[in-house]
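Visitor: I have a model open here and want to go through how some of its helices pack. Can you walk me through it?
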Amino acid sequence: MSTKTPVRAAEKSGFRLGQTEVVAIVLLVILLSQRWLLPLLDHDLFNTWGTIFVAIVVQSAPFLLGGVLLSAVISTFLSEKALSKIVPKSPVLGVPVAGLAGIGLPGCECAAVPVTNSLIRRGVAPAVALTFLLAAPAVNPAVLVSTAVAFPGQPMMVLARFLASLITAVAVGWIMLARGKLLLERLTKLGRDEHAHERSFLGNVSHDFLHASGFLVLGAMLAAAVNTFVPRSVVNTVAGQAVLGILTLALFAFIVALCSESDAFVAASFTAFSDTAKLVFLVVGPAMDIKLASMEAGQFGMAFALRFVPLVIITAVASAVGIGWWLL
Amino acid sequence: MTRTTQALVVGFLGAVLLRLSLGDGYLRYVTDWMKWPLVATGVVLLGLTAWMLLRPAPGEHDHEDSDDHDGHDHGHKVPAMTWLAIVPGVIVFVASPPSLGAYLAERRADDPVAAAPDAEILPLPASDGPVDVEVAEFMWRAGVEDGATIKDRDVRLTGFVSTDENGNWYVTRIAIACCAADASASRVRVEDYDDAPERDSWVAVTGRWVEGTAPGGKSETAIEAASVEPREAPANTYQ
């Protein structure tokens, strides 16, 4: 889905061979030099990074495959007619419906990206599909239950998380409708994969899996690096300041990329922060993090991601602060 | 990426997941309920690989035609980023990253630990010998009602050894909620036992709570050791 494809297609035969060789050589060098490289690196540091990186990939893989299978079902078997019966005709109405539909898909945010892509392919309005993308990982029962467990005796936290996440998803959908005309049209064009319906079910599964997995791995590498190299005490130093605390936890939620079923436990451990700041952490994380941004850049294009990512983060912070001020 | 390479990338990932989940390897990275989802994922990915290798090659010419006209290759070209999908497998096979241990625990030592459960704190079961208590539980018991439930009781804590810059050593456990990315450490300082065991080795420490020590208190939670025995590391090192 890269915009450089025409150029690449032109030089196809020569370029592809070169790329394969370069990557193979780099891999070989890494493998062979490991013995000399490892002692140079801080061994503990590298191992910790490796463990967390592999953990994120292993944890996400079943969810990604599940999302890819569901998206292949949508691409292969669901006709546009059938979908148009489920999704309201007017996108303005479709956005809140998609937000509420997110309650029904318990799962990881990695699953939502390919599903969203397949919805756009099948002609669902992009704003509606994107609302679903934001809502699905954040408002499902599994996430709410884990939040209740992590914050015993604070049922308001669960309600606040549900409301703030839902408002974020719907608000972003509506903002995209009102302001993002050009971007949405690009997305419709990009997303329209005419071949999707021609390909077999397995063809769609392998196509989607290959398109998403690399970006998931990139996101996991970055998140693991932050997790390993940035000590939590740095985060805790700003706990006392209201505004700085909120912005820090928003940024932290973006870069550590925890799965939405477990982030409540981490949020609960930020005891020095205000409840509103913790809520911001819980609302930003499932809606947008480094792993999701990487996957979205891969599926929808860099230009789209550069606008969509900040929009989601700003909306999520605003909605969480508003709800936190009201409820907590 | 050629069609064969694509199939191999998917197959490699599937094989790695299957290998991790059929042994105990996956327990280093995720919780134990992930076993069967991982086995299923590995099997499906390997099946997908077989299908990708065996499917008839599409008529290359038909594809070139349709590709050229909107400048988009919808056929079988994948983003260069897909190459990264081999990295996790390479790291598992080459470096085989171990369970998180003393290194992470020492870095996370100052993080606040989980609060005591809201329910009423039950007393430890009556027993003649020492009672086995989890490290995290020992810590929150120390913080509740001035440690009334563990005061003057013989307890046994099992965990691995971590240290600090002052030469103290700790019996330590790491808990994960979902995967190793959300790990949190809890640890109890071991007093009156200067001959510290090797870092990251597993021990069972029998002894009594040092009165007045608690998480977030003046002095971190500590145990006065009567005996320290080496232990085998459990298959699942996390709580």
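Visitor: Which residues of α6(A) meet α16(A)?
Guide: In this predicted model, E109(A), C110(A), V113(A), P114(A), T116(A), N117(A) and I120(A) of α6(A) are in contact with α16(A), contact meaning heavy atoms within 4.5 Å. On the α16(A) side they meet K291(A), L292(A), M295(A), E296(A), Q299(A) and F300(A).

Visitor: What classes of residue are in that contact?
Guide: Seven are nonpolar, three polar and three charged. Nonpolar covers Ala, Val, Leu, Ile, Met, Phe, Trp, Tyr, Cys and Pro, charged covers Asp, Glu, Lys and Arg, and the others, Gly among them, are polar.

Visitor: At what angle do α6(A) and α16(A) pack?
Guide: About 20 degrees, with the axes 10 Å apart. That makes α6(A) roughly parallel to α16(A), a label for angles under 35 degrees.

Visitor: Switching to α17(A): how does α16(A) cross that helix?
Guide: Their axes come within 7 Å and cross at roughly 140 degrees. The two are therefore oblique to each other; oblique is what remains once angles under 35, over 145 and from 65 to 115 degrees are taken out.

Visitor: And which residues of α16(A) and α17(A) meet?
Guide: A293(A), E296(A), A297(A) and F300(A) in α16(A) meet M302(A), F304(A), A305(A), F308(A) and V309(A) in α17(A). By class, that contact has eight nonpolar, no polar and one charged residues.

Visitor: How are the residues and chains labelled?
Guide: Residues are numbered from 1 along each chain as its sequence is written, and chains are lettered from A in the order in which they are written.

Terms used
This is a predicted model: local features need pLDDT of at least 70, side-chain atom pairs count only at pLDDT 80 or more; totals for chains, interfaces and linings use all residues. Side-chain values use heavy atoms; hydrogens and water are left out. Axes are lines fitted to C-alpha atoms, for helices over the stretch in contact, and angles run from 0 to 180 degrees between N-to-C directions. Helices (H or I, at least four residues) and strands (E, at least two) are DSSP runs, numbered from the N terminus.
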